[in-house]
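Got your viewer open? Load the model below and we'll walk through it one selection at a time.

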Amino acid sequence: MPIAIGLEGSANKLGVGIILHPASTPPSPHDSVHSSSSAHTKPTSPPVHILSNIRHTFVSPPGTGFLPKDTAAHHRRWVVRLVKQAMKQANVRIEDIDCVCFTKGPGMGAPLNAVAIAARTIAQLWDLPLIGVNHCVGHIEMGRAITGADNPVVLYVSGGNTQVIAYSAQRYRIFGEALDIAVGNCLDRFARVLNISNDPAPGYNIEQLAKNGKCLLELPYAVKGMDVSFSGILARVEEMGRKLPQPGTPEPAEPWVDPDTGATITSADICFTLQETVFAMLVEITERAMAHVGASQVLIVGGVGCNERLQDMMGLMARERGGSVYATDERFCIDNGIMIAHAGLLAWGKGFKTSLEDSGTTQRFRTDEVLIDWRD
């Protein structure tokens, strides 16, 4: 029964997780996940046993993003503490661990390097093999394990990535992706215009504001074949946001009103408009990929995949096709160490190891570069 420790730090979340791959043991009760109204889950297959899954987030002030150097300093400051906590929570000894897994990329350079150095140090101190993991593959494999999705089309949406993916011939093939900025980055950057808090995450706070939105405003809709573009949408929605009263400034002489309804436009309306537009684009390209490969399942992974409105919209499309949507809760869709441990242990089981000479990180590690030899 192999056990792996995984370290994730490609952005502002530092995660450490410890996982066990038993031969045939059902998941323990704490391994079950939340099921939303439009996305569902079922027991893990093959079984995995999550021993610990600890995360600490670097939160920057409202109106700002997180700089690579500050994020890397956060990871360096917290990584030893999280490793100790994870080992204690998992109730395992160093002798029980079979391999040390870390995020090789993609992600932000300085945070990736900070965590890679920690992983290399642990592997040498504990005399264990080192396993470099593709961040995107980690998300996909964790989503498959937790939900039990068989062979889904994957929508991977996060702060740094937007991809529609399907598996074929031991590779995760990218059918479509963002041509410029990722959808999560689009949401995060818009949050800065409205000074929306980064705690727990700007995208989550936009989602809560959007629930009170009533006016759907006009935004660009940029679907180009199977690819999407968000930079033009961001520019337009930032312009909209600056029309609203800013904290500490006097109210404008005339409020901004919707010409159709006469209602005053609020920040909630703009958040609602942004979500509806970008999510509709993602649903469109996902449905096209499903039709092409003949799939009936959609798996949503990545931090933006926690958004219940995205799950609802995807669920409507999937049900019309006689299909279903799978998603996990924030423990597994937001960057975490357990997904790196899981994907790394799958690769280790097939004899894969990362040498110290090849243990550097890369910000542009493509999903389709990885040999997925643990799948048929």
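**Stop 1: helix α4**

Select α4 and colour it by burial: Val-183, Gly-184, Cys-186, Leu-187, Phe-190, Ala-191 and Val-193 are buried, where buried means under 20% relative accessible area, exposed over 50% and partly exposed in between, using a 1.4 Å probe and protein chains only. Before going on, a word on the ground rules: this is a predicted model, in which local features need pLDDT of at least 70 and side-chain atom pairs count only at pLDDT 80 or more, while totals for chains, interfaces and linings use all residues. Residues are numbered from 1 along each chain as its sequence is written, and side-chain values use heavy atoms, with hydrogens and water left out. Helices (H or I, at least four residues) and strands (E, at least two) are DSSP runs, numbered from the N terminus.

What covers the buried residues of α4? Show β6 (153–157), β7, α5, α6 and α7, which are among the elements that do so. Then step just past the end of α4 to Asn-195, which has a positive phi of about 55°.

**Stop 2: α4 against α5**

Keep α4 (residues 183–193) on screen and add α5 (residues 202–210): their axes come within 8 Å and cross at roughly 75°. Axes here are lines fitted to C-alpha atoms, for helices over the stretch in contact, and angles run from 0 to 180 degrees between N-to-C directions. The two helices are therefore roughly perpendicular to each other; under 35 degrees would count as roughly parallel, over 145 as roughly antiparallel, 65 to 115 as roughly perpendicular and the rest as oblique.

For the side chains, pick Leu-187, Asp-188, Phe-190 and Ala-191 in α4, which meet Pro-202, Gly-203 and Ile-206 in α5. Contact means heavy atoms within 4.5 Å. By class, this contact has five nonpolar, one polar and one charged residues. Ala, Val, Leu, Ile, Met, Phe, Trp, Tyr, Cys and Pro count as nonpolar, Asp, Glu, Lys and Arg as charged, and the others, Gly among them, as polar.

**Stop 3: α6 and α7**

Now select α6 (residues 231–241) and α7 (residues 267–293), packed at an angle of about 170° with their axes 11 Å apart. That makes α6 roughly antiparallel to α7. Show Ile-233, Val-237, Met-240 and Gly-241 of α6 together with Ile-270, Leu-274, Thr-277, Val-278 and Met-281 of α7, and you have the contact. Its residues divide into seven nonpolar, two polar and no charged.

**Stop 4: the five-stranded sheet**

Hide the helices for a moment. An open sheet of five strands has the order β8-β7-β6-β11-β12, with mixed pairing; two strands pair if DSSP finds at least two bridges between them. Which strands stand at the edges? They are β8 (171–177) and β12 (324–327), each with a single partner strand, so one side of each is left without a neighbour in the sheet. Neighbouring strands of this sheet are turned by 25° against each other on average, direction ignored.

Zoom in on β7 (residues 162–168), which runs antiparallel to β8 and is joined to β8 by six bridges. Click Val-164 and you'll see Gly-176 of β8 opposite.

**Stop 5: β4 and β5**

Next up is β5 (residues 130–134), where five of the five residues are buried, so the strand is largely enclosed by the rest of the structure. Both faces are covered, with Leu-130, Gly-132 and Asn-134 on one side and Ile-131 and Val-133 on the other. Add β4 (residues 99–105), which pairs with β5 in the parallel sense over five bridges. Cys-101 has Ile-131 of β5 as its bridge partner.

**Stop 6: the annotated sites**

UniProt (unreviewed entry) places a "binding site" feature at His-135, His-139, Tyr-156 and Asp-335. These positions are spread over 201 residues of sequence, yet they cluster in space, with a largest C-alpha distance of 12.1 Å. UniProt positions are given in the numbering used here, feature names are shortened, and annotations may be inferred rather than shown by experiment.

Centre on His-135, in helix α3 (residues 135–147). At 3% relative accessibility, His-135 counts as buried. Its contacts, not counting residues up to four places away in sequence, include Tyr-156 and Asp-335.

The "binding site" annotation of the unreviewed UniProt entry also covers residues including Tyr-156, Val-157 and Glu-207. Val-157 lies in strand β6 and is buried, with a relative accessible area of 0%. For a last selection, take Glu-207 in helix α5: at 7% relative accessibility, Glu-207 counts as buried. Leaving aside neighbours within four places in sequence, Glu-207 is in contact with Gln-275, Asn-307, Glu-308 and Arg-309.
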